[in-house]
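Reader: I am new to this structure and would love a close look at one part of it. Could you walk me through how its strands pair, and then show me what the aromatic rings are doing?

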Amino acid sequence: QVQLVESGGGLVQAGGSLVLSCAASGRPFSSAAMGWFRQAPGKERECVAAITWSGSSTYYADSVKGRFTISRDNAKNTVYLQMNSLKPEDTAVYYCAADPDSPWVAGTETGYYDYWGQGTQVTVSS
């Protein structure tokens, strides 16, 4: 069992920055790939970034590439999402997810992930 708790969401003006954090407990953090997903009202949940257990491989959605950075600190059992140059279309609930079954893959599908946080709201005003 893995428990995930997100933090760092809030309201920010377009062009601003936020850092989301996801603290993990339970199964050893280093044995799981991690992903960040977001879901806006009326839209499908989409993967915005993912990272393998070692951090050797990452994935970014085209819509956020160059603006968002995923990283992890296994000593702190925490994964981060640095979000820069935020746009109103980035407004969504952001979810942290863990995949202990394929930790060497930075998965992009929701089906890869076995554990999910409760989400944190990010709102970007124009």
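Author: Strand β3 (residues 18-26) and strand β8 (residues 78-83) are joined by 6 bridges and run antiparallel. Keep in mind as you look that this is a predicted model. To find your place in the pairing, pick out L20, which stands opposite L81 in β8.

Now widen the view. The two strands belong to an open sheet of 4 strands, with the order β1-β3-β8-β7 and antiparallel pairing. At the edges lie β1 (2-7) and β7 (68-73), each of which pairs on one side only. On average, neighbouring strands of this sheet are turned by 15° against each other, if direction is ignored. As a general point, the strands of a sheet pair through backbone hydrogen bonds, either parallel or antiparallel.

Let us move on to the rings. Searching the whole structure turns up 3 aromatic pairs. One of them brings together F37 and Y113: the ring centres are 5.3 Å apart and the planes stand at 80°, so this pair is edge-to-face. It is worth tracing where these two residues come from, as the pair links distant parts of the chain. F37 sits in strand β4 (residues 33-39), while Y113 is in the loop between β9 (92-99) and β10 (115-116), and 76 residues separate them.

Are these two rings buried or exposed? F37 has a relative accessible area of 1%, so it is buried. Y113 counts as buried too, because its relative accessibility is 5%, and the cut-off for buried is under 20%.

Y113 also has a ring partner in W116: here the centres are 6.2 Å apart and the planes are at 70°, so this pair is edge-to-face. With a relative accessible area of 26%, W116 is partly exposed. Put together, the ring pairs link F37, Y113 and W116 into a cluster.

One more residue is worth finding, and that is R45. R45 lies over the face of W116, at 5.0 Å from the ring centre. The charged end of R45 also sits over the ring of Y95, 3.8 Å from the centre of that ring. If you start at F37, you can follow the cluster through Y113 to W116, and from W116 step across to R45 over its face.

Conventions. Residues are numbered from 1 along each chain as its sequence is written. This is a predicted model: local features need pLDDT of at least 70, side-chain atom pairs count only at pLDDT 80 or more; totals for chains, interfaces and linings use all residues. Side-chain values use heavy atoms; hydrogens and water are left out. Rings of Phe, Tyr and Trp (its six-membered ring) pair if their centres lie within 6.5 Å; planes under 30 degrees apart count as stacked, over 60 as edge-to-face and the rest as tilted. Buried means under 20% relative accessible area, exposed over 50%, partly exposed in between (1.4 Å probe, protein chains only). A charge sits over a ring if NZ of Lys or CZ of Arg is within 6 Å of the ring centre and within 35 degrees of the ring normal. Two strands pair if DSSP finds at least two bridges between them. Axes are lines fitted to C-alpha atoms, for helices over the stretch in contact, and angles run from 0 to 180 degrees between N-to-C directions.
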